[in-house]
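Good morning, colleagues. Please turn to the structure on the screen, and I shall take you through its helices and strands in turn.

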Amino acid sequence: MEFKDYYQTLGVAREATADEIKKAYRRLARKYHPDVSKEANAEACMKEVNEANAVLSDPEKRAAYDQVGQGLHAGQEFRPPPDWDAGFEFSGRGPSGARGADFSDFFAELFGRQQGGGGRGAHFDARGEDRHAKIAIDLEDGYQGATRLVTLRTPDLDGEGRVTMKEHSLNVRIPKGVHEGQVLRLAAKGSPGLGAGPPGDLYLEIHFNAHRRFRVEGRDVYATLRVAPWEAALGATVKVALPVGAVEVRVPESSQTGRKLRLRERGIPGTPPGDLYLMLEVVLPPADSAKAREVYETMAKDLAFNPRESES
């Protein structure tokens, strides 16, 4: 997928004010609107202009776009990094699976899950707008629960019409057993109501930080268990550190690299809980001493083992 430079599309600088963006859009709309334009590619150009304006005229989308697009240029191969939008607070309840109407795959990749939501009513006493954000937590918090101080950034316009970021922090209780993609509702933590109307809610979509040892799929957790050749060949009981605590695991004899061991209900807690899978990796000790070389030479002579025998 190619990166789209929306500023280039509208012909404005990255520091352009909201008023400058509005004027650029109106100028291009007069030029390319299919009802009046004589340009051969007017419809396609108008589509591009509408898409660029939909992002740059919205402080929330513009701030997120500016962050993910730093240092990129139009046409460059692009794939947004995982959880690139974590910590941004957007209007609406959040993931709905909607796509921008008649917009590109690039737009949908960034903002397709940020459509729809609460909305303010026109009456003076109106409920506040719902908000949503994505936050990343540690896997250990999913296992045992925690209370974490979360800082969210909300885009806003300053007096000159430029996008600025406002930060606010709140304590969030992470329930035990929360899983990837789960949405937590924080009642009355959204936008203030109008008049006597109540505030909206804040919806937090949970994601896990990358872990150096564990990988998560749903409630199941995966890890690599490195074993010595004699542990794999003869069988052994080894101690394995889990995201929370440790457990002794029996490695069956005659195990090979790639064998999967299943620890029932040792994944993320829940109803039902997930499992934890250990993928065995047999690690050879280095032949970096005379004694080690002697052992390997004895094995080569006495075992007469050919790992490629089945290939001939």
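By way of definition, an axis here is a line fitted to C-alpha atoms, for helices over the stretch in contact, and an angle between two axes runs from 0 to 180 degrees between N-to-C directions. Please bear in mind throughout that this is a predicted model.

I begin with helices H3 and H4. Helix H4 covers residues 59–68, and its axis comes within 6 Å of that of H3, the two crossing at roughly 100°. How, then, are H3 and H4 oriented, roughly parallel or roughly perpendicular? Angles of 65 to 115 degrees count as roughly perpendicular, and H3 is therefore roughly perpendicular to H4. On the H3 side, the contact is made by Ala54, Val55 and Leu56, and on the H4 side by Lys61, Arg62 and Tyr65. Sorted by class, this contact has four nonpolar and two charged residues, with no polar ones.

H3 also packs against another helix. Helix H2, residues 18–32, and helix H3, residues 42–56, meet at an angle of about 165°, and their axes lie 9 Å apart. An angle over 145 degrees counts as roughly antiparallel, so H2 and H3 are roughly antiparallel to each other. The crossing of H2 past H3 is left-handed. H2 contributes Ile21, Tyr25, Leu28, Ala29 and Tyr32 to the contact, while H3 contributes Ala42, Cys45, Met46, Val49, Asn50, Asn53 and Leu56. By class, the contact between H2 and H3 has 10 nonpolar residues, two polar and no charged ones.

I turn now to the strands. Strand S9, residues 236–241, pairs with S10 in the antiparallel sense over six bridges; one of these partnerships joins Ala236 to Val251 in S10. S9 and S10 form a hairpin with four residues between them, and Gly245 in the turn has a positive phi of about 85°.

Which residues of S10 point to the buried face? In S10, residues 246–251, Val247, Val249 and Val251 point to one face and are buried, whereas Ala246, Glu248 and Arg250 point to the other and are not. In general, side chains of a regular strand alternate between the two faces of the sheet.

Finally, there is an open sheet of four strands in the order S7-S8-S12-S11, with mixed pairing. Its edge strands are S7 (214–217) and S11 (260–263), each pairing on one side only. From one strand to the next, the twist averages 25°. Within this sheet, strand S8 (residues 220–227) and strand S12 (residues 276–282) run parallel and are joined by seven bridges. Tyr222 has Tyr277 as its bridge partner in S12.

Technical notes
Residues numbered from 1 in each chain as written. Predicted model: local features only at pLDDT ≥ 70, side-chain atom pairs only at ≥ 80, totals over all residues. Heavy atoms only, no water. Parallel < 35°, antiparallel > 145°, perpendicular 65-115°, else oblique. Left-handed = near helix turned anticlockwise from the far one by under 90°. Contact = heavy atoms within 4.5 Å. Nonpolar A, V, L, I, M, F, W, Y, C, P; charged D, E, K, R; others polar. Buried < 20%, exposed > 50% of the residue type's maximum accessible area, 1.4 Å probe, protein only. Pairing = 2+ DSSP bridges.
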